[in-house]
Structures are given as C-alpha cells and as structure tokens.
Amino acid sequence: MTFRATVLTLYPEMFPGPLGLSLAGRAREEGKWSLDTVQIRDFAIDKHKTVDDTPAGGGAGMVLRVDVLAAAIDHARAANPDAPVLAMTPRGKPLSQARVRELAAGPGAIVLCGRFEGFDERIFAGRGVEEVSVGDIVLSGGEPAAIMLLDACIRLLPGVMGAASSGTEESFENGLLEYPHYTRPQEWEGRTIPEVLRSGDHAKIANWRKSQSEIDTRLRRPDLWERHSGARVQSASGAQAKKKD
C-alpha cells in the first residue's frame, strides 16, 4: 500500500519542497508514497476566485470561507476516501509521535493548510476535520507545518529508513527524550566521550543510555516525565508540588 498525501493549499508551489530531498525524496521516487497538491482557489465560486472574507463580528484579518474549503475537501476525499483530513492550526491538538505512527500505518492523509486568520469554524464539524498543532507557535501559513507532519510520517514507512531500529530508539517513541550521542574525535576542546561508551560493555552502555534518557526527560521536559512515570512533577529543590485544595 502506498501512503498517499494530498495537500490543500493556496501555495502548491511550496511542495514537495524539503519532501523532495533526502529520505523522503528518494522514497517518493521509489513509489513508497505519493504527493498531490490541490489549489484551494480552484474551488472559489466567483469570477475573482475569492477564498476568504471578513470575520463575522468584526476584527482584523480575513477568514477562509467554509464553502470553498468544503468543496476542496470533497474533491480530495473522492480520490482517497479512507484518508483522514487534518487541518494545521495552532488551535489544534498537539501532534504526538503516537499519532504520527497511526497516520503512517494508514492509507495516507489529506492536509489542509490555512492562511490569513484561519478557517471558518464550521468546516471542522461539517467535514470531520481533525485540528492539529505542531507547537505553541504561529506561522504565516499551514504549509511548513504540513511538511513537518508529512516528513514525520514518511520516515516511518516500511523501507524508508536504512535501519529498522532507527525509528524505535528516538525521542518520544517510549515516552522519553532520546539519550545523548557522541562520535569521533574521542577528545574535543578538552571534552571527552563518556568512558562507558568506550568500554565495549553493551549492558553497561544500555543502562547508561536509559539513565541519561530519564535524566534528560526529567530535567528538560517534566511534562513528558510526569506522563511517563506517573509521578508528580518536583520543584528544582526536589520538593513535591503541593496539591491545591
């Protein structure tokens, strides 16, 4: 089964972009996934090809019209009816590695890229669109976020990565951040590779990596650590945060 990606955008020329290079580009050439772009403006209903209008209730900016978006989604769904439709928006649910794995195991994805002030809210319930966020940031449009989403999926497709284990020993795969990596030279500016990694003792190396992964997650991403361990986040002094009454 080929993973089929369809991107609904006002700027189809932004694709494949980075997805045409490296692992993703080679996998596309080999037929492991395909990419179609759909110009949202093609579904405008007036002679000026208008895709947006002023926000109801007033305010700055413009909002993408629900009727135009719906027509574009219906067109994409006709070609890939089993693929989920995802809208890239900072109001969406944060994208997780678990969700990426689910998408990569499916028939593909239809990705809706917003511009201006965003989408008419009615499109989400009206067409069963999943809202997805790639971080607590605001971009000029959904295209960079769509590239990030698709790249995360494509690298997990069978045969895309050279080593099968590459996709399982990484940040977020087991709920933790990945352990630190080193390579030659052994010493650089007075900093040396940890001795355990030069010991040749695979059991000790595995234990060290697990420990470093846990330490880094606890210090850098207490939110991940809390979910992983079930423990309450501790303050820097080591005292547990008190529950509010």
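**Close-up views of strand β6 and two pockets**

**View 1. Strand β6 and its neighbours in the predicted model.** Strands β1 (residues 3-9) and β6 run parallel and are joined by five bridges. One pairing to look for is V7, whose bridge partner in β6 is V111. Strand β5 (residues 85-94) also runs parallel to β6, with four bridges between them. Here V85 has I110 of β6 as its bridge partner.

**View 2. The two faces of β6.** Side chains in a regular strand alternate between the two faces of the sheet. On one side of β6 lie G108, I110 and L112. On the other lie A109, V111 and C113. Each of these residues is buried, and both faces are covered. Because six of the six residues of β6 (residues 108-113) are buried, the strand is largely enclosed by the rest of the structure.

**View 3. The largest pocket.** This pocket holds about 520 Å³ of space. Its lining has 17 residues, and P94, L95, S96, Q97 and F172 lie nearest the centre. Helices α3 (97-104), α5 (143-154) and α7 (222-229) each give two or more residues to the lining. By type, the lining residues are nine nonpolar, six polar and two charged.

**View 4. The second largest pocket.** About 430 Å³ of space lies here. The pocket is lined by 23 residues, with M88, T89, P90, E117 and G118 nearest its centre. Strands β5 and β7 (130-133) each supply at least two lining residues. The largest share, four residues, comes from β5. The lining divides into 11 nonpolar, eight polar and four charged residues.

How values were computed
Residues are numbered from 1 along each chain as its sequence is written. This is a predicted model: local features need pLDDT of at least 70, side-chain atom pairs count only at pLDDT 80 or more; totals for chains, interfaces and linings use all residues. Side-chain values use heavy atoms; hydrogens and water are left out. Buried means under 20% relative accessible area, exposed over 50%, partly exposed in between (1.4 Å probe, protein chains only). Two strands pair if DSSP finds at least two bridges between them. On a 1 Å grid over the protein atoms alone, a cavity is a set of points where a 1.4 Å probe fits but cannot get out, and a pocket is an open set with protein on both sides within 12 Å along at least five of seven lines; lining residues have an atom within 4 Å of a point. Grid points are joined across faces, edges and corners, and a volume is the space filled by probe spheres set on the points. Ala, Val, Leu, Ile, Met, Phe, Trp, Tyr, Cys and Pro count as nonpolar, Asp, Glu, Lys and Arg as charged, and the others, Gly among them, as polar.
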